[in-house]
Amino acid sequence: MAVRPILLIGEPILRTRAAPVTEFGKPLRALVKEMMRTLHAVPGRAGLAAPQIGEGVRVVVYDNGTGLRGHLVNPVLELSEQGQDGDEGCLSAPGVWAPLRRAYAVTARGSDTAGRPVKVRLTGPMARCLQHELDHLDGVLFLDRLDEAARTAAQREIDARWPPVSP
């Protein structure tokens, strides 16, 4: 199993809605293992969505580093009404952080790699993580959820780190 490169903001797949997984089995298990290995290879990790490594399917992995880890295939979320404020970053925009309000708790439903139902309830930072990763599956970046001032500041930071390439 290889560590895959994480795609940076600007890659078209990060703006594309991922396709539902329809085939369960060995190739999907291999993808989840590669995603988890990739997640563990980067600092500041909490979660990773398949599009971030160039795979346009609805798969996410998560690991808080203290034993709470897993994966979800074709996940859907139920969000709590209670919110949480906090800074958020993204492996596809390393070093860029911005304040963002998210739901404090989520109940996620999906499948494992064999197609069996999975349900998980997460709170606090891991609830934030799962919301962030599911946004990736819909082609949404955390920058899209920022207010105008925070989005402008984050975009300045991105432009400074990754200047546009001239044709």
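**Figure 1. Pairing of strands β3 and β6 in the predicted model.** In this predicted model, strand β3 (residues 69-79) and strand β6 (residues 105-111) run antiparallel and are joined by five bridges. Within this pairing, Glu78 stands opposite Thr107 of β6.

**Figure 2. The open sheet and its edges.** The sheet is open and consists of five strands, arranged in the order β1-β2-β3-β6-β7 with antiparallel pairing. Strands β1 (47-49) and β7 (117-123) stand at the edges; each has a single partner strand, so one side of each is left without a neighbour in the sheet. From one strand to the next, the twist averages 40°.

**Figure 3. Two helices against the sheet.** Helix α1 (residues 26-40) lies across β1, β2 (59-63) and β3, and runs at about 40° to β2. Helix α2 (residues 124-137) also packs on the sheet, where α2 touches β1, β2, β3, β6 and β7. The direction of α2 makes about 160° with that of β2.

**Figure 4. The backbone at Asn74.** Asn74 is placed in strand β3. Its phi is near 55°, a positive value in a residue other than glycine. Most residues other than glycine have a negative phi. With a relative accessible area of 23%, Asn74 is partly exposed.

**Figure 5. Arg4 and its two acidic partners.** The side chain of Arg4 meets that of Glu34 in a salt bridge (2.6 Å, N to O). Arg4 lies in the segment before α1 and Glu34 in helix α1, so this pair ties together parts that are 30 residues apart in sequence. Glu34 is buried, its relative accessible area of 17% falling under the 20% limit. Arg4 also forms a salt bridge with Glu55, with the closest N and O atoms 2.6 Å apart. Because Glu55 lies in the loop between β1 and β2, the pair of Arg4 and Glu55 ties together parts that are 51 residues apart in sequence. Glu55 counts as partly exposed, at 28% relative accessibility.

**Figure 6. The Arg116–Asp112 pair and a salt-bridge network.** Arg116 and Asp112 meet through their side chains in a salt bridge (2.8 Å, N to O). Arg116 counts as exposed, at 52% relative accessibility, whereas Asp112 is buried, with a relative accessible area of 12%. Elsewhere, Glu88, Arg102, Arg128, Asp135 and Arg145 are joined into one network by salt bridges that share partners. The count for the model comes to 13 salt bridges.

Terms used: Residues numbered from 1 in each chain as written. Predicted model: local features only at pLDDT ≥ 70, side-chain atom pairs only at ≥ 80, totals over all residues. Heavy atoms only, no water. Pairing = 2+ DSSP bridges. Helix = DSSP H or I, 4+ residues; strand = E, 2+ residues; numbered from the N terminus. Axes fitted to C-alpha atoms, helices over the stretch in contact; angles between N-to-C directions. Contact = heavy atoms within 4.5 Å. Buried < 20%, exposed > 50% of the residue type's maximum accessible area, 1.4 Å probe, protein only. Salt bridge = Lys/Arg side-chain N within 4 Å of Asp/Glu carboxyl O.
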